Amino acid sequence: MMKKIECIVKPFKLDDVKTAITDLGISGMTVSEVRGFGRQKGHTELYRGAEYQVDFLPKIKIDLVVNDEQVPSIVEAVQKEACTGRIGDGKIFVSDVEQSIRIRTGENGPESL
């Protein structure tokens with residue numbers, strides 16, 4: 001009944017992705033600054049004449065828990081807005097959520113979203 005969508009995107013794409021998600025009527029999300037690498041494998045930088053390897057690149061992680069029927073439109077919107085066509089655009093993960101509880105009211109399941 002509910003799915004968790006985790007989106008890893010480039011930091012400068014956050015506003016575009018957030019706008020696209022909220023335009024679909026999603027009222028809540030969690031955004032975290034994270035670091036990581038995939039096929040990019042980091043890059044080298046020059047600092048005070050010394051070259052060093054930057055292994056973990058800054059990314060933004062957006063977490064959403066939504067009803068099943070909302071997943072395709074959210075995934076499509078994130079793909080469209082986060083894509084630059086370059087390596088390192090990110091990933092989207094979708095997984096099942098067994099239970100959700102709103103702490104303040106005790107509501108369970110989709111009503112707690």
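## Strand 1 and its partners

Let's start in the sheet, where strand 1 and strand 6 run antiparallel and are joined by eight bridges. One of the pairs here puts V9 together with G90, its bridge partner in strand 6. Bear in mind throughout that this is a predicted model.

Strand 1, which covers residues 2-9, also pairs with strand 5, residues 57-67. That pairing is antiparallel too, and eight bridges hold the two strands together. Two residues of the ladder are worth picking out. K3 has V66 as its bridge partner in strand 5, while K4 has V65 as its bridge partner in strand 5. As a reminder when you look at neighbouring positions like these, side chains in a regular strand alternate between the two faces of the sheet.

## The sheet as a whole

Put the pairings together and you get an open sheet of four strands, in the order 2-5-1-6, with antiparallel pairing. Strand 2 (30-36) and strand 6 (90-97) are the edge strands. Each of them has a single partner strand, so one side of each goes without a neighbour in the sheet. On average, neighbouring strands of the sheet are turned by 25 degrees against each other, with direction ignored.

On the strand 2 side, seven bridges link strand 2 to strand 5, and these two strands run antiparallel. If you want a landmark in that pairing, R35 stands opposite P58 in strand 5.

## S32, out on strand 2

S32 is part of strand 2. Is it buried, exposed or somewhere in between? Its relative accessibility is 27%, so S32 counts as partly exposed.

Setting aside neighbours within four places in sequence, S32 has contacts with K59, I60 and K61. Along the chain, S32 and K59 are 27 residues apart, and their C-alpha atoms are separated by 8.6 Å.

## Two helices, one crossing

Now for the helices. Helix 1 takes up residues 14-23 and helix 2 residues 71-82. Their axes come within 9 Å and cross at roughly 155 degrees. With angles over 145 degrees counted as roughly antiparallel, helix 1 and helix 2 are therefore roughly antiparallel to each other. The crossing of the two is right-handed.

Which residues make the contact? From helix 1 they are D16, V17, A20 and I21, and from helix 2 they are A77, V78, E81 and A82. By type, the residues of this contact split into six nonpolar and two charged, with no polar ones.

Helix 1 has business with the strands as well. It lies across strand 1, strand 2 and strand 5, and runs at about 5 degrees to strand 5.

## After strand 6

Beyond strand 6 there is a further segment, and Q99 has its place there. Q99 has a relative accessible area of 56%, so it is exposed. What does Q99 touch, once neighbours within four places in sequence are left aside? The answer is M2 and N108. Also, the C-alpha atoms of Q99 and G109 are separated by 5.8 Å, with the two residues 10 apart along the chain.

E107 is found in the segment after strand 6 as well. At 31% relative accessibility, E107 counts as partly exposed. Not counting residues up to four places away in sequence, E107 touches S100, I101, R102 and S112.

## The chain in outline

Stepping back, the secondary structure comes to two helices and six strands. Following the sequence, you read the pattern β-α-β-β-β-β-α-β.

The chain has 113 residues, and buried ones make up 30% of them. What about contacts over a distance in sequence? Take the contacts between residues at least 6 apart in sequence: 71% of these join residues at least 24 apart. The pairing of strand 1 (residues 2-9) with strand 5 (residues 57-67) is one place to look at on the model with that in mind.

Terms used: Residues numbered from 1 in each chain as written. Predicted model: local features only at pLDDT ≥ 70, side-chain atom pairs only at ≥ 80, totals over all residues. Heavy atoms only, no water. Axes fitted to C-alpha atoms, helices over the stretch in contact; angles between N-to-C directions. Parallel < 35°, antiparallel > 145°, perpendicular 65-115°, else oblique. Left-handed = near helix turned anticlockwise from the far one by under 90°. Contact = heavy atoms within 4.5 Å. Nonpolar A, V, L, I, M, F, W, Y, C, P; charged D, E, K, R; others polar. Pairing = 2+ DSSP bridges. Buried < 20%, exposed > 50% of the residue type's maximum accessible area, 1.4 Å probe, protein only.
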